[in-house]
Amino acid sequence: MFNFFDEIKNKMGFKKEFLSDYNFVNISGKLFYAEGHKGIISLSEKQIIFKTKYYHILVEGSGLVLAEINENVLYIKGKINKVERQNV
């Protein structure tokens, strides 16, 4: 099965286990896709914070909606202005 993030890691010569904590992509500032989340910390239409294994990820913007979430993946829709990794 094709995995976008694994394909990029392989192409750039990174070992899978080295970069396996989390992966995310911000698509045109309107859709945010993340793999490897460990739960939601804070949720509002201006800010969503979620946990990963070692960090918290802050997504800021307006009209943010947690469009979908499962045990490993989440999707956020809205106007995304900022994504920031925070040390725990």
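**Briefing: a buried histidine, a nonpolar core and a surface patch**

His 37 is buried, with a relative accessible area of 6%. The model is predicted, and His 37 lies in the loop between strand 2 and strand 3 (40–43). The points below cover the surroundings of His 37, the largest nonpolar core and a nonpolar patch on the surface.

**Surroundings of His 37**
- The side chain of His 37 reaches the backbone nitrogen of Gly 39 at 3.1 Å.
- A polar atom of the His 37 side chain also lies 2.7 Å from the backbone oxygen of Asn 70.
- Beyond neighbours within four places in sequence, His 37 is in contact with Phe 50, Lys 51, Ile 69, Asn 70, Glu 71, Asn 72, Val 73 and Leu 74.

**Largest nonpolar core**
- In soluble globular proteins, nonpolar side chains tend to be buried together.
- The largest nonpolar core here has 12 residues, including Tyr 22, Phe 32, Phe 50, Leu 74 and Ile 80.
- Two or more residues of this core are given by each of strand 2 (31–35), strand 4 (47–51), strand 5 (55–69) and strand 6 (73–87).
- Strand 5 supplies the largest share of the core, 4 residues.
- Neighbours within four places in sequence aside, the contacts of Ile 80 include Phe 32, Val 59 and Leu 64, as well as Asn 26, Lys 30 and Glu 60.

**Nonpolar surface patch**
- Phe 4, Ile 8, Met 12 and Phe 14 form a nonpolar patch on the surface, and their accessible area together is about 410 Å².
- Ile 8 belongs to helix 1 (residues 4–12).
- Ile 8 is classed as partly exposed because its relative accessible area is 40%, between the limits of 20% and 50%.

Technical notes. Residues numbered from 1 in each chain as written. Predicted model: local features only at pLDDT ≥ 70, side-chain atom pairs only at ≥ 80, totals over all residues. Heavy atoms only, no water. Patch = residues over 30% accessible without salt bridge, like charges linked within 9 Å, V, L, I, M, F, W, Y side chains within 5 Å. Areas by Shrake-Rupley, 256 points an atom, 1.4 Å probe, with all protein chains shown as cover. Salt bridge = Lys/Arg side-chain N within 4 Å of Asp/Glu carboxyl O. Buried < 20%, exposed > 50% of the residue type's maximum accessible area, 1.4 Å probe, protein only. Core = buried A, V, L, I, M, F, W, Y, C linked by side-chain atoms within 4.5 Å. Contact = heavy atoms within 4.5 Å. Polar contact = N/O pair within 3.5 Å; in protein donor to acceptor, adjacent residues only side chain to side chain.
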